[in-house]
Amino acid sequence: MPVITEIEDLKRIYRRRVPKMFYDYAETGSWTEQTFQENTSDFKKLRLRQRIAVDMDNRSTATQMIGEDVAMPVALAPVGLTGMQSADGEIKAARAAEKFGVPFTLSTMSICSIEDVAAATTKPFWFQVYTLKDDDFMRRLFDRARDAGCSALVITVDLQVLGQRHKDLKNGLSAPPKLTVASIANMMTKIPWGLEMLRTKRRFFGNIVGHAKGVSDPSSLASWTAEAFDPSLDWARIAKLMEMWGGKVILKGILDVEDAKKAAELGADAIVVSNHGGRQLDGALSSIRMLGPIVDAVGDKVEVHFDSGIRSGQDVLKAVALGAKGTMIGRAYTYGLGAMGERGVTKTLEVIHKELDMSMALCGRRNITDVDRDILLVPDDFEGRWA
Ligand code: GLV
């Protein structure tokens, strides 16, 4: 067992174990990847304020996200194709999250279905949907999520059309992978991954194949999004979907103060400040730069969560200090999953928790609920003056 001390360690192992097509799917941004890269580099511009001689005994990172108790303010984000990073990956990730005491969000574009994950877990998980044209399919998805006991619906509001990711097109991304000379040659070097994959029957988009009608190639994310996603999505449609669901709703993918105000007016239980991990609008500001202004505008009206760019507990701490009540990690847990399956997701959570807990202490705070902007040093121009 290698010594894992940071998320980067898991990423290195992940890269060795998993076919290039799926590593590239996770480790990409859209177009030039400027926003993808700035999501992480902008975190480094924020500094933490070291304090001393403060009692650091009996610390706690426990808090609540949308009224649910969490061991730390970190949920597993919806990530497509997770069951291609490791066989039955969604089940493994959901189990690790449940044991750790943080929410797991199942993506519509998962390999394991809603029912598979429900059967393998005991606590409610969150379910993510895109805004699709087909109301019947949406209704059936909502019924299935309700039957599975999902406690919140995460509506992705920043993906009516798919930002272009060059690597996915070049690799011919699909689930299961199409057999080409290049993909076979690459998979031959990933034997443990392949053997596990052969042992599971879950190799297709489990929420879609057999449930959605008229999709010409259900193995391709690109063709499914082009055919099924609703490019005419507007606030009225979001309101309708919220009503159709009737339970707790988290709107994910908000990067603008005006949009945040609108989401708060609509009565969302939470919003997620996110640019989809830099996978959608390339050239948009990093998520962390937009967190402060959005919290200032709507933080007293709606719970604000944060996503895009978190690779450490220090990053979680910075987001919480800027006012996020919770955060989401996507790539960080995907690295763990691809590297070591369920154990790797647990490792991701342990690494982030330890970093969060110790850094909070070194900032002189014992409870995550007491963390505020005072522990942060923010450069004058961080939010920028963009005309
Ligand atoms: C899907 O949401 C993706 O970003 O690939």
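Biologist: How far is an oxygen atom of the ligand from an N or O atom in the side chain of R279?

Modeller: This is a predicted model, and the separation there is 2.8 Å. A pair of N or O atoms within 3.5 Å is read as a polar contact, so R279 makes one with the ligand.

Biologist: How much of the ligand's own surface does the protein bury?

Modeller: The ligand by itself exposes 200 Å², of which 94% is buried by the protein.

Biologist: What distances separate the side chains of Y130 and H276 from oxygen atoms of the ligand?

Modeller: For Y130, an N or O atom of the side chain is 2.9 Å from a ligand oxygen. For H276, a polar side-chain atom also lies 2.9 Å from an oxygen atom of the ligand.

Biologist: Which residues are around the ligand, and how do they divide by character?

Modeller: A residue enters this shell if one of its heavy atoms lies within 4 Å of the ligand. The shell consists of Y25, Y130, L159, R165, L221, H276 and R279. By class, 4 are nonpolar, 1 is polar and 2 are charged.

Biologist: What space does the ligand take?

Modeller: The ligand occupies the largest cavity.

Biologist: How should the overall fold be read, and why does the radius of gyration agree with a compact globule?

Modeller: A compact globule of 387 residues would have a radius of gyration near 21 Å, and the protein has 20 Å, so the two agree. The C-alpha trace spans about 60 × 50 × 45 Å along its principal axes. The secondary structure amounts to 16 helices and 12 strands.

Biologist: Which residues does a cis peptide bond join, and where does P176 lie?

Modeller: Omega indicates the peptide geometry: the bond between A175 and P176 is cis, with omega about 0°. P176 belongs to the loop between helix 8 (166–171) and helix 9 (181–187).

Biologist: What is phi of N58, and where is N58 found?

Modeller: Phi is near 55°, a positive value in a residue other than glycine. N58 sits in the loop between strand 1 (47–48) and strand 2 (63–65).

Technical notes. Residues numbered from 1 in each chain as written. Predicted model: local features only at pLDDT ≥ 70, side-chain atom pairs only at ≥ 80, totals over all residues. Heavy atoms only, no water. Polar contact = N/O pair within 3.5 Å; in protein donor to acceptor, adjacent residues only side chain to side chain. Areas by Shrake-Rupley, 256 points an atom, 1.4 Å probe, with all protein chains shown as cover. 1 Å grid on protein atoms, 1.4 Å probe; cavity = no way out; pocket = protein on both sides within 12 Å on 5 of 7 lines; lining within 4 Å. Sits in = over half its atoms within 2 Å of the grid points. Nonpolar A, V, L, I, M, F, W, Y, C, P; charged D, E, K, R; others polar. Helix = DSSP H or I, 4+ residues; strand = E, 2+ residues; numbered from the N terminus. Rg over C-alpha atoms; globule rule 2.2 N^0.38 Å.
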